[in-house]
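This report looks at ring pairing, helix packing, a hairpin and backbone angles. Please read it beside the sequence and the coordinates.

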Amino acid sequence: MSARFSQRIGKSPTMLTIQLDGMSTPLRNSLWNIFHSIYVVGGENIYFPRTTLGQLANRGHVFFFKLPADEVPDERYLYVRWIKKWFLEADWFLLYDFFEWLINFGEASDRYRADERAKLCEELANRVFKEENSGYRFVDKVLVQITNEEELAAVGSALDNSAPFSGVRTHIETAARLLSNRENPDFRNSIKESISAVELVAKNLAGSPAITLGEVLKVLSPDLSLHPALKEGFSRLYGWTNDDGGIRHAIMDEPNLTLADARLMLVLCSAFSNYLIDRSIAERQT
């Protein structure tokens, strides 16, 4: 949603700071509203042992909050009161933890409907994250730190486009998970996974799993009409990761890899994968 009228005329402040190390009250309240609308509203009975919320309450106490299962409030309104209090008081990062758990593991039975609810929850959360300028987005059920919507679009598009190429999606998902782990991020292996994704796309297109990306570019260049400068740029990028001083050869010795390095490679390799796939489709259609 665009800025409100009052913001456009300068009467209300426009949020400019990306929320990376905290959570504003509007963002927190909006996440509660998503949870309430999907998982709370619509219950038929004050007792809920077999309802969606009842299952969620029990699984949440046992697997997320690590609390005794017999301490789950028996009545619906008591549980809603309990979970709302936690929602409004929990540390911001725990609330992100909860939503990631909710979308991936919150429900065990009735998988079709559970998947529908999880998908809706993910879509609405991303919409709220964008509106409230959160620095995080869900990418295939994993929370990832971003700097702009273009980066998110590149990674998301690579996940969508990778369907015909077995293994590519796994590399991209793994790269995103490794860099988004706030407690123990693994930038080194995230970069390796990103590179592996684009290599696998190129090798599939070239029909040769044994050659390197540098060799693939030479093979694909005439077929995909790659501009020489573009091909050289990609070759240089690959060289940075693969030469004697690059990421792979010095992977265990490089102490200074950062989130910025890992995110750059994830976005670049996702965009490069998209480009190769899109160009190959375009060439086949001409």
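In this predicted model, the structure holds 25 aromatic pairs. One of them joins W32 and F87 in an edge-to-face arrangement, with 5.1 Å from centre to centre and 70° between the planes. That pair links distant parts of the chain, since W32 belongs to helix α2 (residues 25-40) and F87 to helix α4, 55 residues apart. Both partners are buried, W32 as well as F87. A further pair is made by F64 and F65, whose ring centres lie 4.9 Å apart with planes at 90°, so this pair is edge-to-face too. F65 has a relative accessibility of 16% and therefore counts as buried, the limit for that class being under 20%. Beyond single pairs, one aromatic cluster is formed by W32, F35, Y39, F64, F65, Y79, W82, W86, F87, F98, F99 and W101.

**Helix α4**

Helix α4, which holds F87 of the pair described above, covers residues 76-89. Its 14 residues should span 20 Å at 1.5 Å a residue, and the end C-alpha atoms are indeed 20 Å apart, which agrees. The buried residues of α4 are R76, Y79, V80, I83, W86 and F87. They cover an arc of only 130° around the axis, which puts them on the same side of the helix. What covers these buried residues includes α2, α3 (52-64) and α5 (92-105). The face of α4 turned away from its buried side carries the exposed residues R81 and E89.

How many salt bridges does a search of the whole structure find? The search finds one, and in it the side chains of E89 and K85 meet at 3.0 Å, N to O. Side chains of opposite charge can pair when their charged atoms come close. Both E89 and K85 lie in α4, four residues apart, which is about one turn of the helix. E89 counts as exposed because its relative accessibility is 55%, and the class of exposed residues begins over 50%.

**Helix α9**

Helix α9 (residues 187-206) contains V201 and also L205. For the 20 residues of α9 the expected span at 1.5 Å a residue is 28 Å, while the end C-alpha atoms are 29 Å apart, which agrees. The buried residues of α9 are F187, S190, I191, S194, I195, A197, V198, E199, V201, A202 and K203. V201 is buried, with a relative accessible area of 0%, whereas L205, at 23% relative accessibility, counts as partly exposed. Each of these two residues has a C-alpha separation to I277 that can be set against the separation along the chain: V201 and I277 are 76 residues apart in sequence and 7.5 Å apart in space, and L205 and I277 are 72 residues apart along the chain with their C-alpha atoms separated by 8.0 Å. Just after α9, G207 takes a positive phi of about 70°.

**The β1-β2 hairpin**

Strand β1 (residues 136-139) and strand β2 pair in the antiparallel sense over four bridges, and Y136 stands opposite Q145 in β2. Which way do the side chains of β2 (residues 142-145) point? V142 and V144 point one way and L143 and Q145 the other way, and all are buried. The two strands form a hairpin with two residues between them.

**Positive phi outside glycine**

Most residues other than glycine have a negative phi, and most peptide bonds are trans. Two residues in this model that depart from that pattern of phi are set out below, with their places and accessible areas.

| Residue | Phi | Place | Relative accessible area |
|---|---|---|---|
| K66 | near 60° | loop between α3 and α4 | 61% |
| D140 | about 50° | loop between β1 and β2 | 31% |

K66 is exposed, whereas D140, which lies in the turn of the hairpin, is partly exposed.

Methods
Residues are numbered from 1 along each chain as its sequence is written. This is a predicted model: local features need pLDDT of at least 70, side-chain atom pairs count only at pLDDT 80 or more; totals for chains, interfaces and linings use all residues. Side-chain values use heavy atoms; hydrogens and water are left out. A salt bridge is a side-chain nitrogen of Lys or Arg within 4 Å of a carboxyl oxygen of Asp or Glu. Buried means under 20% relative accessible area, exposed over 50%, partly exposed in between (1.4 Å probe, protein chains only). Two strands pair if DSSP finds at least two bridges between them. Rings of Phe, Tyr and Trp (its six-membered ring) pair if their centres lie within 6.5 Å; planes under 30 degrees apart count as stacked, over 60 as edge-to-face and the rest as tilted. The expected span of a helix is 1.5 Å times one less than its number of residues. The arc is that of the directions from the helix axis to the C-beta atoms. Contact means heavy atoms within 4.5 Å.
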